[in-house]
Amino acid sequence: MRIEPFTVGSYVHTLKRGARGLPITGDESDKYRFLRILYCMNDEFLDENWNRDPVSAGGLFHRPESWSPRRPLANIVAYTLMPNHIHLLLQEIRAGGITAFMQKIGQSMTNHFNEKYDQKGSIFQGPYKSRTISNDKYMRYVSAYIMVKNVFELYPLGGLNGATANFEMAWKWAIAYPFSSLADYCGERHTPIIEKSTFEEIFGSPDEFKSFARDVIMGGKWLTQDFE
């Protein structure tokens, strides 16, 4: 997966991998901080105290009234946080928005990790990688890849193979995984992180997406181009 050119209106699959394959989060609080990053850093405005006691202040996605009106840098269509990398499906809505957003994510996570765990240097392996989504078919595969295949790899009862053999059980587990957008589409969670309209236009309903994901997972029918 390399960095590909894209323009305003493009949909882009981005990948940011930990240096030397090492973890990019240390504990659960780091993972929840990543969710707040997706909300707060995806904005032209940034308060230096953006992450100060968000839960006590009003919740993970609390936005103080004193902040400037929110102006996202990109639309987040889908995401999954893995132990040593991040997958995002983004739409470029202003020139340079995705690049600026990805830089903010990397810098914020690196600064936090180094300060918290007394480390030095970037926690990521160079700049982010990207692939521009060229058609609806590819969009469907990328959506399933990011939110289902990757989360299934974390399934505690045998990883991807175990999830494939026990799809229904694994599906319920995947929806409950907090650090992916799957629950926003196929569960009862509603967060302000993602922009749903494109996904809903392509799949129509959660049941249609589940059926598509099942067919792909069961058949191992990923597109020949690799995603990473």
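# Exercises on a predicted model

Aspartate 184 is buried, at a relative accessible area of 3%. The exercises below concern a predicted model.

**Exercise 1.** Classify aspartate 184 and alanine 100 as buried, partly exposed or exposed, and place each residue in its helix.

*Solution.*
Step 1. A residue counts as buried under 20% relative accessible area and as exposed over 50%.
Step 2. Aspartate 184 has a value of 3% and is therefore buried. Alanine 100 has a relative accessibility of 26%, so this residue is partly exposed.
Step 3. Aspartate 184 belongs to helix H7, residues 182-186, whereas alanine 100 belongs to helix H3, residues 97-117.
Step 4. Beyond its neighbours within four places in sequence, aspartate 184 is in contact with Tyr79, Arg189, His190, Thr191, Ile194 and Lys196.
Step 5. For alanine 100, the C-alpha atom is separated by 9.8 Å from that of aspartate 43, a residue 57 positions away along the chain.

**Exercise 2.** Describe how helix H4 and helix H9 are arranged, and state which residues make the contact.

*Solution.*
Step 1. Two packed helices are described by the angle between their axes and the distance between the axes.
Step 2. The axes of H4 (residues 136-153) and H9 (residues 206-219) come within 10 Å and cross at roughly 70 degrees.
Step 3. Because angles of 65 to 115 degrees count as roughly perpendicular, H4 is roughly perpendicular to H9.
Step 4. On the H4 side, the contact is made by Arg140, Tyr141, Ser143, Ala144, Met147, Val148, Lys149 and Phe152. From H9 come Glu208, Phe209, Phe212, Ala213, Val216 and Ile217.
Step 5. Sorted by class, this contact of H4 with H9 has 10 nonpolar, 1 polar and 3 charged residues.

**Exercise 3.** Characterise the largest cavity by its volume, its lining and the helices that supply the lining.

*Solution.*
Step 1. The structure holds 1 cavity of 30 Å³ or more, and the largest cavity has a volume of about 50 Å³.
Step 2. Its lining consists of Ile24, Thr25, Asp30, Arg33, Phe34, Ile37, Met109, His112 and Phe113.
Step 3. Helix H1 (28-40) and H3 each supply at least two residues of this lining; the largest share, 4 residues, comes from H1.
Step 4. The lining of the largest cavity has 5 nonpolar, 2 polar and 2 charged residues.

**Exercise 4.** Give the volume of the largest pocket and the composition of its lining.

*Solution.*
Step 1. The volume of the largest pocket is about 160 Å³.
Step 2. Residues lining the largest pocket include Ala19, Arg20, Leu22, Pro23, Phe113 and Lys120.
Step 3. By class, the pocket lining has 5 nonpolar, 4 polar and 2 charged residues.

Definitions and conventions: Residues are numbered from 1 along each chain as its sequence is written. This is a predicted model: local features need pLDDT of at least 70, side-chain atom pairs count only at pLDDT 80 or more; totals for chains, interfaces and linings use all residues. Side-chain values use heavy atoms; hydrogens and water are left out. Buried means under 20% relative accessible area, exposed over 50%, partly exposed in between (1.4 Å probe, protein chains only). Contact means heavy atoms within 4.5 Å. On a 1 Å grid over the protein atoms alone, a cavity is a set of points where a 1.4 Å probe fits but cannot get out, and a pocket is an open set with protein on both sides within 12 Å along at least five of seven lines; lining residues have an atom within 4 Å of a point. Grid points are joined across faces, edges and corners, and a volume is the space filled by probe spheres set on the points. Ala, Val, Leu, Ile, Met, Phe, Trp, Tyr, Cys and Pro count as nonpolar, Asp, Glu, Lys and Arg as charged, and the others, Gly among them, as polar. Axes are lines fitted to C-alpha atoms, for helices over the stretch in contact, and angles run from 0 to 180 degrees between N-to-C directions. Angles under 35 degrees count as roughly parallel, over 145 as roughly antiparallel, 65 to 115 as roughly perpendicular and the rest as oblique.
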